[in-house]
Amino acid sequence: MKVDLEYGHGTMTAELPDDTDVFVPGETVADPAFLPDPIGATRAALRAPLGLPPIGEQAGPGSRVVIVFPDRVKGGEHATSHRRVAIRLVLDELEAAGVAPGDILLLCSNGLHAKNTEAELRGILGPDLYAEFSGGRLVNHDSEDEANLVDLGRTAQGDPVIVNRAVFEADVVVMIGHTLGNPYGGYSGAYKHIATGITHWRCIAAHHVPKVMHRPDFTPVSHRSLMRSKFEQIGRHIEERMGRRLFCVDAVLDTRARQIAVHAGDAESVQRASWPVADRRTFVPFAEQKYDVMVFGLPQSFHYGDGMGTNPLMIMQAISAQVVRHKRVLADNCVIIASSICDGWFHDELFTGYRAIYDMFQTNGNQQLPDVNAYAELLATDAELIRRYRFGYGFHPFHGFSMISSGHIAEMNTSAVYLVGAREPGYARGMGMKTRATFEEALADAKRKYVGPQPRVLALPRAFRTAAVHLCLKDGPEALAQASRHDVPTTDTRGPAS
C-alpha cells in the first residue's frame, strides 16, 4: 500500500506492505465526544470547583490575581479554545468579586520554551484579550529574571524549587491547563504545568535529565514514574511555601483541541477527575500484536517551532517521543523509519545552543547522547545564550539538554533508527541514525538485518500534525487497567534524589 508521510513542507510517499496497520489520531479510532457547550461547561466547573472555594470567594477588592496560561505549543487558537474561554470566564468571576482590572496579570507559562512574540500571544489569546491586557499586564515567564524569581529551597527529594515571583506573591493564582497525553511524565496540566511552566532551569534540570528519563518507569509513558513524582513534589512544595493552593482550570482535549471535559479546583483533585476521562481518548487499545517496524514522517515545522524537523537533535527527540508513547505495541527489536529533509538548518535563533550541543556530541570522546549532559551547566549559564532566551525569542540553552535526554530513548529501545530523505545525511548519522534515500530502501535493509522478511508494520501519518495518543495492545492488561492507576505518587524509594 501507498502511504503519504510528512516530509519538509509536503509529504513523501512510502510503499509499504499491504498488511501495514495505519493509525491516525481521532480518525482510525474516534475520540470521545467533545462538549457541545464548552463555555457553559467551563462556567459550571468554575462555580463548583473541586477541593477549593469558587474564585469569587477567594478574591475581592484589592486582591492581586495572576492567571497563568500555557504557550502556543498546545491548546489551539480557535475561538472556543480552552485558554480563551477559561480566561474570559475567570475574568467575569473576578469582576463580579470586585477585583480591579489593574490587579490582574496574565502570565504565559513558557518555562524554558521561547517567549511568545506579540503576534503569537495575539494568536493564542485572540485580539480582544490581547488588546485588553497588552501594555504591562500580559507577560512571558522569564526563567532568568532573578528579580522576579523566588528561591523556595528544596523538596524532600532534594530538588531545587525556584518559582515566578508574581505567582508566589499573588493572593489568588489561576492555572489554565490542558490535559493531553505527553511523553514527558504523563498528562500535561495541573502539577506538570506548575512544575515546568513557571520555574527555573535548575528546577527543570531535576527531572528532564538522563537519571530520571532513562529509568524503566519512564518508557512507556507512565503516571507513576519518578519524573511524575517530582512534578507532584515540586508543585506541592510551591503551594506549601505560598501557604495556599493554586486554582487549576484544566480541560481534557480531543485531537482538534476541543474540550471533552473541564474541571476546576485544586491540582490534585483536578488530576483525579481529569485523568480517567483523558484515558479514554489517550490510551487506545488498537494493536493485535506488537510491531516490528514503525514508520512516520517529520514535517519541517511542528509544535516547538519551525526547524524542529530539520534540527538533528529535535529530530531525534521527536522520534524518541513516539517510542515513549507507543512502546507498549513495539517489539523489543523494533526498527523506526522516519522521513525528514534534515538539511542542516538548526534554526539557531530559535533553538538556542542546539548547534553547540550537536558539535559537543561529535567530539571530546562523547559516545552516547547522555555523555553530553556533562556540559549542561556550561551552556545553561552561558551569558550570550541566556541573552538570546531573554530578549531574542529563543529557547533557554538548557532546553536542548532536556531534548537529548529524550533523544537517547530511541537508541535504548530499538535495533535501529533509519532517517529517509535527508538532504545532508551526515547530520543524521552524527546522531546515530542510519540513512537511506527512500522508505523502501530502509525497510528492505531492516528486513535483512533486524526484523526478517515479513515484519509487522505500523504507519503513523500526521503523527506530528495531530494531538497524539498512546497505543496499546487490544488484549494487553496495560491498555486501560495499568494506564488508569492514578494514585498520585508522593515519594519514590527506587532512585536517588537529584
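Reader: Let me start with one acidic residue. What does E120 count as, buried, partly exposed or exposed, and at what relative accessibility?

Author: Start with the cut-offs: buried means under 20% relative accessible area, and exposed means over 50%. E120 comes out at 24%, so this residue counts as partly exposed. Please keep in mind that this is a predicted model.

Reader: Thanks! And which residue does the side chain of E120 meet in a salt bridge?

Author: Here is the general idea: side chains of opposite charge can pair when their charged atoms come close. In this structure E120 pairs with R72, at 3.1 Å from N to O. E120 belongs to helix α4 (residues 118-125), while R72 sits in the loop between β4 (65-69) and α3 (82-96), so this contact ties together parts 48 residues apart in sequence. R72 is partly exposed too, with 27% relative accessibility.

Reader: How about helix α3 itself? Which parts of the chain does the pair of E132 and R88 link?

Author: The salt bridge between the side chains of E132 and R88 has an N to O distance of 2.8 Å. E132 is in helix α5 (residues 127-133) and R88 is in helix α3, which puts the two partners 44 residues apart. E132, at 36% relative accessibility, is partly exposed, and R88 is partly exposed at 29%.

Reader: Now one with an aspartate: where do R245 and D266 lie?

Author: These two form a salt bridge whose closest N and O atoms are 3.6 Å apart. R245 is found in the loop between α10 (226-242) and β10 (247-253), and D266 in the loop between β11 (259-265) and α11 (267-282), so the pair holds together parts 21 residues apart in sequence. The partners also make a nice contrast: R245 is partly exposed at 42%, whereas D266 is buried at 5%. Elsewhere, K115, D142, D145 and R390 are joined into one network by salt bridges that share partners.

Reader: How many salt bridges does the structure hold?

Author: The count is 28.

Reader: Let's turn to empty space. How many cavities of 30 Å³ or more does a search of the whole structure find?

Author: The general idea is that rolling a probe the size of a water molecule over the atoms shows where empty space is left. The search finds one such cavity. The largest cavity encloses about 60 Å³. Its lining includes F23, P25, Q322, H326 and R462, and the lining residues divide into seven nonpolar, three polar and one charged.

Reader: And which residues lie nearest the centre of the second largest pocket?

Author: Those are E118, L121, L138, N140 and Y393, out of 16 lining residues. The second largest pocket holds about 230 Å³ of space. At least two lining residues come from each of α4, β6 (138-140) and α15 (383-391), with α15 giving the most, three. By class, the lining of this pocket has six nonpolar, seven polar and three charged residues.

Reader: One last feature, the strands. How do β7 and β8 run, parallel or antiparallel?

Author: They run antiparallel, with four bridges joining strand β7 (residues 149-154) to β8. One of the pairings puts R154 opposite P160 in β8. Together the two strands form a hairpin with five residues between them, and G158 in the turn has a positive phi of about 90°. As for burial, five of the five residues of β8 (residues 160-164) are buried, so the rest of the structure largely encloses this strand.

Definitions and conventions: Residues numbered from 1 in each chain as written. Predicted model: local features only at pLDDT ≥ 70, side-chain atom pairs only at ≥ 80, totals over all residues. Heavy atoms only, no water. Salt bridge = Lys/Arg side-chain N within 4 Å of Asp/Glu carboxyl O. Buried < 20%, exposed > 50% of the residue type's maximum accessible area, 1.4 Å probe, protein only. 1 Å grid on protein atoms, 1.4 Å probe; cavity = no way out; pocket = protein on both sides within 12 Å on 5 of 7 lines; lining within 4 Å. Points joined across faces, edges and corners; volume = space filled by probe spheres on them. Nonpolar A, V, L, I, M, F, W, Y, C, P; charged D, E, K, R; others polar. Pairing = 2+ DSSP bridges.
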